[in-house]
Amino acid sequence: MNMHAQPQRTLAETALIDAFGERLSLLPGDRAVMVKRDDAIEAIKHGLPTRRVESWHYTDLRRLLTKVPAFEAGAVTKALAPILEGSAVLPVLNGLSQTKLPEIDGVAVQRLSEKLTDGSVAPGLDPYGSDDAIGALNTAFVADGYFVDIADGAELEKPIELQNLQAGGQSHVRLLARVGAGAKAVIVERQAGEGDEALASSVSQLVVGDRAEVTWLIVQEQPETATHLAQFKAHIGKDAKLTLFVMNAGGKLVRQEVVVRTTGEGADFKLRGINLLAGDTHTDTTMVLDHAVPHTTSTEVIRNVVTGKARGVFQGRINVHQYAQKTNAKMACNTLLLSDDGEFSTKPELEIFADDVVCGHGATVTEIDHDHLFYLMARGIDEKSARGLLVKAFVAEVIEELDDEALVEALEARLDGWFSTHG
Amino acid sequence: MLEIKNLHARIVDDGTEIIRGLNLTVKAGEVAAIMGPNGSGKSTLSYILAGREDYEVTEGDILYNGQSILEMDPAERATAGIFLAFQYPMEIPGVATMEFLKVAMNEQRKARGEEPLKVPEFLKRVKEAAASLSMDMNMLKRPLNVGFSGGEKKRAEILQMKLLEPKLCVLDETDSGLDIDALKIVSDGVNALRSPDRAIVVITHYQRLLEHIVPDTVHVLYRGQVIKSGDKSLALDLEANGYAGVIGQAA
């Protein structure tokens, strides 16, 4: 948040503040939760972040968020078929959790509205820093979501798919998950919608217990009318592994924040991201990773395809704390720029306070490799198809690394879907 | 089948002329060997035949079955039946080899007005071709040429050639990087493709390959021109006496 009040509120800021007054009586929460909500709206009253706020430099939210739609819920009436066959689906429709939920062995699911009402989630509603606009927006308005509690040692046979679907209007959702010690899970976070202008905020909070292994896939396919402001926060315990896969393939104004901390020695984090950018859109992926204890590892690979007038941003910040010796962190961001009007901004940041670490980062922006194109064409594949193959290959490489055939196939099907409409 | 007439070509980037008035005719059913010292323009010639955009033809023409191919892009040339086996096949991460083979075969079929291959038929053809080249099918599960050894890449080129059934095959230094066993396997693969309606142009530095793929004609390329043509005995002569003699006669 900006510390200074803005000289004049924007339409969007005014609309949010007014909406808060109108919605307040409808929002669930005990006293502690309501205090957090008040703090959050105070932060918004100070103004949405502008390019003068460093972490928002490439995404001037105050300027880009021109309008805020009314609150009324749209008309999404049913969940989507999961991207991984056999998944247990937990849908949030138009911002609200559902009563009829699948039984999953080893997993307790609670509606978040209940946890807001009883106040048990209040501590988690705090912002993570001074510029946490998405956290503030969500804390002010969050009405529902799920808390998924996976028991210690549970090895889930089927993936869980959390769906956050809306059809225009506003929705503010939180998805919380605790994965117990030694447990194994694949969790899909599906962000999608249809129809009119939408403002969706979604905050996911994950705690990965010691020795647990989690693959979390965020598949964002909002319509080109939606503003999607999302946050994924995770703590990774001792000898635990988290693979976070983020695919952005939609939305008009998108910011996906990834805030991860290694909290136990031997923790490993992998971030794999694909941004498929088209049209006149803005998509920002911003990561803050804290290597907070010794002997933890991470790799981050982001691949971007930019077409049309799309603008993309990747900010990757790795903080290696003073005691976090033997940290090993590698980050790469590669962009395939396919149009003269598209752009992509990459900002890697390494803040290293330990002296015995291996950290590196790299960024590239390229066009299609002409040698590769020639090779494919020399086998009779026409130029358009050959380009399509190469663009898909550029991002598919990140998917194929996932090492799980069902996951790879499901994500490649999402890719094919995007290329068939944007290729 | 192939008629190259007074061909002049240069590198687009810096204008360096590489091919300087080259004439060559290869008939259907013929295996023609093109030999020459380093820098004589052998690889450039192969790229120009395949339609690489880095080279520009400034004079002369290339006729394939009587038609000029200069205005055709690489894909059009390939679907017309011209195949280049690359000296250095490109590694293309992310493109699955099987997927690539299927797309290439079906694009060529489409261009010829044929139905796409059914999956079982496609697999059968790939398996047969791979077996004939002693290639492990597991290799084909990898991305195209990625992590293949030099010899494996060359085998993969010949595998593609077998599957695509071109009419004019151009082999650019296919022997380089091959040990003697692989050389025999690859040569057998090429020999199996010899047929009265197909022409094969073998570009090589050494006579060694020509012991396995016996040419009908041999042409010596020097400074972008064919300076001498003959039968297979010319290759033996070059092996025994080097290029100096031939170059001296031409000069």
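## Helix H6 of chain B

In this predicted model, the buried residues of H6(B), where buried means that 20 or more other C-beta atoms, placed from the backbone, lie within 10 Å of a residue's own, are Leu183(B), Val186(B), Ser187(B), Gly189(B) and Val190(B). They cover an arc of only 155 degrees around the axis, which puts them on the same side of H6(B); the arc is that of the directions from the helix axis to the C-beta atoms. On the other side of H6(B), Asp181(B) and Lys184(B) are exposed, that is, they have 12 or fewer such neighbours.

Helix H6 of chain B runs over residues 180–192, and its 13 residues reach 18 Å from the first C-alpha to the last, close to the 18 Å expected at 1.5 Å a residue, a span taken as 1.5 Å times one less than the number of residues. Helices (H or I, at least four residues) and strands (E, at least two) are DSSP runs numbered from the N terminus. The cover over the buried residues of H6(B) includes helix H4 (119–132), H5, strand E9 (168–172), strand E10 (199–204) and helix H7 (208–212) of chain B.

## Contact between the chains

Taking two residues to be in contact if their C-beta atoms, placed from the backbone, lie within 7 Å, 20 residues of chain B are in contact with 17 residues of chain A. Helix H2 (74–79), strand E7 (92–96), helix H3 (97–111) and helix H5 (150–164) of chain B each supply at least two residues of the side that touches chain A, and the largest share, five residues, comes from H3(B).

## Chain A and its domains

The secondary structure of chain A comes to eight helices and 19 strands, and buried residues make up 52% of its 423 residues. Among contacts in chain A between residues at least 6 apart in sequence, 84% join residues at least 24 apart.

Domain bounds, which come from an automatic or database domain assignment, give domain 1 (11–367) and domain 2 (370–423) of chain A. The C-alpha centres of these two domains lie 27 Å apart, and their contact takes 16 residues from domain 1 and 13 residues from domain 2 of chain A.

## Conventions

Residues are numbered from 1 along each chain as its sequence is written, while chains are lettered from A and ligands numbered from 1 in the order in which they are written. Since the model is predicted, local features need pLDDT of at least 70 and side-chain atom pairs count only at pLDDT 80 or more, whereas totals for chains, interfaces and linings use all residues.
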